[in-house]
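Grab a pencil and open the viewer. Below are some exercises, each with a solution worked through step by step.

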Amino acid sequence: MTDVTGFPVSVEFFPPKTPEGVDKLRLVRQQLYALKPEFCSVTFGAGGSTQEGTFNTVREILAEQVSAASHFSCIGATRERVREQLATLRAMGVKRLVALRGDLPSGYGTGGEFQYASDLVAFIRAETGADFHIEVAAYPETHPQAKSPESDLQAFATKVRAGANSAITQYFYNSDAYFRFVEDADALGVTVPVVPGVMPITSSTQLMRFSDACGAEIPRWIRLRLQSFGDDTASIKAFGLDVVTDLCEQLRAGGAPGLHFYTMNQSAATLEICRRLGI
Ligand code: FAD
């Protein structure tokens, strides 16, 4: 039997907005540490909304002796501001960044001195050498603003060539899209690990809302089954666990280098999926 217990997982949190949320996340982290995550990542709000919260959460994770990755977006930012924030992260002892373009909240316009995530990756490498392990985002189902799947794949290759070490994908429920993306990237000579991002299904409305915004496809059969459960959250959760565990099994069997869980600051679904996977 293959030893699956050491299969690498990482988990993602968002910075809580209230003191109660901070306390709850502390508890959730302790529960998820049972998985021995390779790292915990913390999202970053473009335009300044949650940046202090990101750094505070990252500080807490590091103080808990766990490896933390700070997401870091560049849209609307100046080089000087990015330089200062990199210095702060370095002083905090952060070793891993998830480098993103980000999306500005509506009303912020555009502007800033970076256009794409690849500009940020190149800047981080120029400023800090090999100090950080840099992750970038990958989109097996194509980023919603991309001109075409081909141009999006080229954009991914550009980010990696600018100095990214590995990638985490947008979530998806169709493993073929992931395997095809990895194969296509490989054909371009882009061979960094591409870790699938996994979104547990715990609520139908929340999933539909997120997926519309980020361009992740919910396959028709999943959408219809979720709709058919109405307000029956127990059935939604039970179905979600089955679907997402199957997806993770396919990904692992097909050679995915690890799994990155979008926990939404909840532990139950991620823990149960990993328990079923034997992780
Ligand atoms: P880019 O790689 O710059 O791509 C953005 C678009 O530009 C794509 O359509 C791409 O095809 C196109 N493009 C890139 N380069 C070129 C080029 N040279 N010429 C023409 N077109 C080009 N958002 C947050 O605000 N905070 C977070 O913490 C956060 N974490 C995330 C974590 C992961 C793992 C993922 C997958 C996404 C995350 N996001 C986050 C969302 C992300 O910021 C958005 O998807 C954003 O719209 C794109 O960011 P990017 O880094 O992928 O951008």
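A quick term before we start: a crossing is left-handed if the near helix is turned anticlockwise from the far one by less than a right angle, and right-handed if clockwise. Helices (H or I, at least four residues) and strands (E, at least two) are DSSP runs, numbered from the N terminus. The model is predicted, so local features need pLDDT of at least 70 and side-chain atom pairs count only at pLDDT 80 or more, while totals for chains, interfaces and linings use all residues. Residues are numbered from 1 along each chain as its sequence is written, and side-chain values use heavy atoms, with hydrogens and water left out.

**Exercise 1. Work out how the strands are arranged, and which neighbours S1 pairs with.**

Step 1: follow the order. The eight strands run S1-S2-S3-S4-S5-S6-S7-S8 in a closed barrel, with parallel pairing. On average, neighbouring strands here are turned by 30° against each other, direction ignored. Pairing takes at least two bridges found by DSSP between two strands.

Step 2: look at both neighbours of S1. With S8 it pairs in the parallel sense over four bridges, and with S2, also parallel, over three. Val 11 shows up in both pairings: it sits opposite Phe 261 in S8, and its bridge partner in S2 is Cys 40.

Step 3: try another pair. S6 (residues 166-171) and S7 (residues 194-198) run parallel and are joined by three bridges. Ile 168 is opposite Val 195 there.

**Exercise 2. Decide whether the residues of S1 are buried or exposed.**

Step 1: set the cut-offs. Buried means under 20% relative accessible area, exposed over 50%, and partly exposed in between (1.4 Å probe, protein chains only).

Step 2: count. Five of the five residues of S1 are buried.

Step 3: split them by face. Val 9, Val 11 and Phe 13 are on one side, Ser 10 and Glu 12 on the other, and both faces are covered.

**Exercise 3. Describe how H2 and H3 pack against each other.**

Step 1: get the geometry. H2 and H3 (residues 79-92) meet at about 20°, with axes 11 Å apart. Axes are lines fitted to C-alpha atoms, for helices over the stretch in contact, and angles run from 0 to 180 degrees between N-to-C directions.

Step 2: name the angle. Under 35 degrees counts as roughly parallel, over 145 as roughly antiparallel, 65 to 115 as roughly perpendicular and the rest as oblique. So H2 is roughly parallel to H3. The crossing is right-handed.

Step 3: list who touches whom (contact means heavy atoms within 4.5 Å). H2 brings Gln 51, Phe 55, Val 58, Arg 59 and Leu 62, and H3 brings Arg 81, Gln 85, Thr 88, Leu 89 and Met 92. That contact divides into five nonpolar, three polar and two charged residues. Here Ala, Val, Leu, Ile, Met, Phe, Trp, Tyr, Cys and Pro count as nonpolar, Asp, Glu, Lys and Arg as charged, and the others, Gly among them, as polar.

**Exercise 4. Do likewise for H8 and H9: at what angle do they cross, and which residues meet?**

Step 1: the axes of H8 (residues 220-228) and H9 (residues 233-253) come within 10 Å and cross at roughly 160°. The two helices are therefore roughly antiparallel, and the crossing is right-handed.

Step 2: on the H8 side you'll find Trp 221, Ile 222, Arg 225 and Leu 226, meeting Ile 236, Phe 239 and Val 243 of H9. The tally is six nonpolar, no polar and one charged.

**Exercise 5. Place Tyr 173 and Asn 265: which loops hold them, and what do they touch?**

Step 1: Tyr 173 is in the loop between S6 and H6 (175-187). It counts as buried because its relative accessibility is 8%. Leaving out residues up to four places away in sequence, its contacts include Glu 141, Met 199, Glu 217 and Ile 222.

Step 2: Asn 265 lies in the loop between S8 (259-262) and H10 (268-277). At 6% relative accessible area, Asn 265 is buried too. With the sequence neighbours up to four places away set aside, Asn 265 touches Phe 13, Phe 14, Pro 16, Lys 24, Leu 25 and Val 28.

**Exercise 6. Find out where Gln 65 lies and what its phi is.**

Step 1: Gln 65 belongs to the loop between H2 and S3. Its phi is positive, about 65°, though it is not a glycine.

Step 2: check the surface. With 72% relative accessible area, Gln 65 is exposed.
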